[in-house]
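Welcome! Here is a short guided walk through a protein model, taken one region at a time. Have the structure open beside you and follow along.

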Amino acid sequence: MSLYTDHLAALQQHAESALERTGFDTLLIASGIEKYAFLDDRPYLFQANPHFKHWLPLTNHPHSWLAVRPGKKPRVVYYQPDDYWHVPPSAPSGEWVEAVELVVIREPEEAAQALADLVTPRTAIVAEADAALPGLAPNNPEALLNLLHWARGAKSAYELEQMRAAQRRAVPGHNAARAAFLRGESEAGIHRAYLLATGHNDRDLPYTNIIGLNEHAAVLHYQYQDESAPAEMRSFLIDAGAQVNGYASDITRTWVAPGHDEFAALVAAMEVEQIGLVDEVREGVDYRDIHLSTHRRVARVLRNAGIVKMDEEAMVEEGVTKPFFPHGVGHLLGLQVHDVGGFMASETGGVADKPEGHRYLRLTRPLQAGMVVTIEPGLYFIPTLLRQLRASPHAAQVDWDVVDRLARYGGIRIEDDVACRGAGEAPENLTRDAFASV
């Protein structure tokens, strides 16, 4: 047995249990469809249904379907058009082919006939509404999806291997981006260096790269890439990942140009705290506690750097760390960069609330062995939030001269992807292991 076949067997077993518990006989999953821009014939970037690529390493296969039935091989309806306008999917190949019952279709509508024998009132159909075909209307039963989403939190050995590979694919890009920054290239030039080193293009990245120089590092999801380099290169924040067989990596680093020692010291202090947070990723730990720990650690950095003169605990309790660290410490990672199920109270649903006043946290579950989470503390100088802090009762506790000096660097974020292990075991830092191996 291989890691993939073990993974498939575990998915089959869990799907059969979920079907029985929710009163369904069969699970149909659509891969998704190509969508076109309004009043245009240009398609948007295809994104596969994550439930589909959970079973199959097929990330660019619209109009395909998967059928899961108790006691039988999964049936894969594989769309392979006879197309001379575009390159069609290649003939089915790989380890997955032997594990399934394969039906090849040439037109999307043929999927309805290929699955007609499986459709009953007790068939669960997981798909977006646009993927519907005659007789195949998505119902997306909530009870079933809750069970599937909860289980996706813990990764199989096969999934962890794909995620390690996604780290190894991203790391050369990060190294190439840092070198391009030190050469004085523009944001667009740095982005191109990343793509070249990873073998990615803009179409198949797991998310849009964030490439921010100087003050642009203060924009959390900075969405542009200037073609012109700034007159002075001071700082560089890159948030960029890669994907392998549908599984993502999500890595952020902050770099400092030579001669900017004050900001370099701040980055070094944040890295110490980030490594400490990684060590908190342990089975049974409530991820919300890691988020609150991040605020305490950011408070320590702010105080030691002379940015804020308050007591660290008071700084956290009175919300003074929030303008400097306004986002959550991380999220689940896997088939999606912000993987599903992060707020679930249990496998049957419900919501595990965010800590009061921390609305941007994306994960509120206790950690389980096999979960992969990001740990991405930040410290930023965001003009709109600093203006609010200047107008607050705590303004006198801030050294605004230091803030003004540091604001021209934008901010800091350091992000690793971390696998939670079993009870008593230290976490696996997928990202730093990959950097060490390259």
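Let us begin with a pair of strands. β13 is joined to strand β16 (residues 416-419) by 4 bridges, and the two run antiparallel. Within this pair, Thr-374 stands opposite Asp-417 in β16. Please keep in mind that this is a predicted model.

**The sheet around β16**

The pair belongs to an open sheet of 3 strands in the order β13-β16-β17, with antiparallel pairing. At its edges are β13 and β17 (428-429), each of which pairs on one side only. As general background, the strands of a sheet pair through backbone hydrogen bonds, either parallel or antiparallel.

Between β16 and β17 there is a loop, and Pro-427 lies in it. Is Pro-427 buried or exposed? With a relative accessible area of 15%, Pro-427 is buried. Leaving aside neighbours within four places in sequence, the contacts of Pro-427 include Val-278, Asp-279, Val-281 and Arg-282, as well as Val-418, Ala-419 and Arg-421. Val-281 is 146 residues from Pro-427 along the chain, yet their C-alpha atoms are separated by 6.0 Å.

**A second open sheet**

Another open sheet has 3 strands in the order β6-β7-β10, and here too the pairing is antiparallel. Its edge strands are β6 (210-213) and β10 (251-256), each pairing on one side only. On average, neighbouring strands of this sheet are turned by 10 degrees against each other, direction ignored. β6 pairs with strand β7 (residues 235-240) in the antiparallel sense over 4 bridges, and Gly-212 stands opposite Leu-237 in β7. Helix α8 (residues 261-278) lies across β7 and β10, running at about 150 degrees to β10.

In the loop between β6 and β7 you will find Arg-234. At 10% relative accessibility, Arg-234 counts as buried. Not counting residues up to four places away in sequence, Arg-234 touches a group of residues including Phe-181, Asn-214, Glu-215, Trp-255, His-260, Arg-408 and Tyr-409.

Here are three loop residues side by side; Phe-38 is the new one.

| Residue | Loop | Relative accessibility | State |
|---|---|---|---|
| Phe-38 | between β1 (26-30) and α2 (50-55) | 71% | exposed |
| Arg-234 | between β6 and β7 | 10% | buried |
| Pro-427 | between β16 and β17 | 15% | buried |

Why does Phe-38 count as exposed? Its relative accessibility is 71%, and a residue is called exposed when that value is over 50%. The C-alpha atoms of Phe-38 and Ala-395 are separated by 48 Å, and these residues are 357 apart along the chain.

**The nonpolar cores**

In soluble globular proteins, nonpolar side chains tend to be buried together. In this model, the largest nonpolar core has 45 residues, of which Ile-307 and Ile-375 touch the most other members. At least two residues of this core come from each of α8, α9 (287-304), α10 (312-317), β13 (372-375), α11 (383-390) and α12 (400-407). Leaving aside neighbours within four places in sequence, Ile-307 is in contact with residues including Leu-266, Leu-302, Phe-324, Phe-381, Val-402 and Leu-406. There is also a second, separate core of 39 residues, which includes Tyr-4, Trp-55, Leu-145 and Ala-248.

**Two helices to look along**

Helix α9 has 18 residues and reaches 26 Å from its first C-alpha to its last, close to the 26 Å expected at 1.5 Å a residue. Among its buried residues are Tyr-287, Ile-290, His-291, Arg-297, Val-301 and Leu-302. What covers the buried residues of α9? The cover includes α8, α10, β13 and β14 (378-380). Just after α9, Gly-306 takes a positive phi of about 75 degrees.

The other helix is α1 (residues 3-22), whose 20 residues should span 28 Å at 1.5 Å a residue; its end C-alpha atoms are 28 Å apart, which agrees. The buried residues of α1 are Tyr-4, His-7, Leu-8, Leu-11, Gln-12, Ala-15, Ala-18 and Leu-19. Seen down the axis of α1, these buried residues fall within an arc of 140 degrees, so they line one face of the helix. On the other side of α1, Gln-13 and Glu-20 are exposed. Gly-23 follows α1, with a positive phi near 85 degrees.

Methods. Residues are numbered from 1 along each chain as its sequence is written. This is a predicted model: local features need pLDDT of at least 70, side-chain atom pairs count only at pLDDT 80 or more; totals for chains, interfaces and linings use all residues. Side-chain values use heavy atoms; hydrogens and water are left out. The expected span of a helix is 1.5 Å times one less than its number of residues. Buried means under 20% relative accessible area, exposed over 50%, partly exposed in between (1.4 Å probe, protein chains only). The arc is that of the directions from the helix axis to the C-beta atoms. Two strands pair if DSSP finds at least two bridges between them. Axes are lines fitted to C-alpha atoms, for helices over the stretch in contact, and angles run from 0 to 180 degrees between N-to-C directions. Contact means heavy atoms within 4.5 Å. A nonpolar core is a set of buried Ala, Val, Leu, Ile, Met, Phe, Trp, Tyr and Cys residues joined through side-chain atoms within 4.5 Å.
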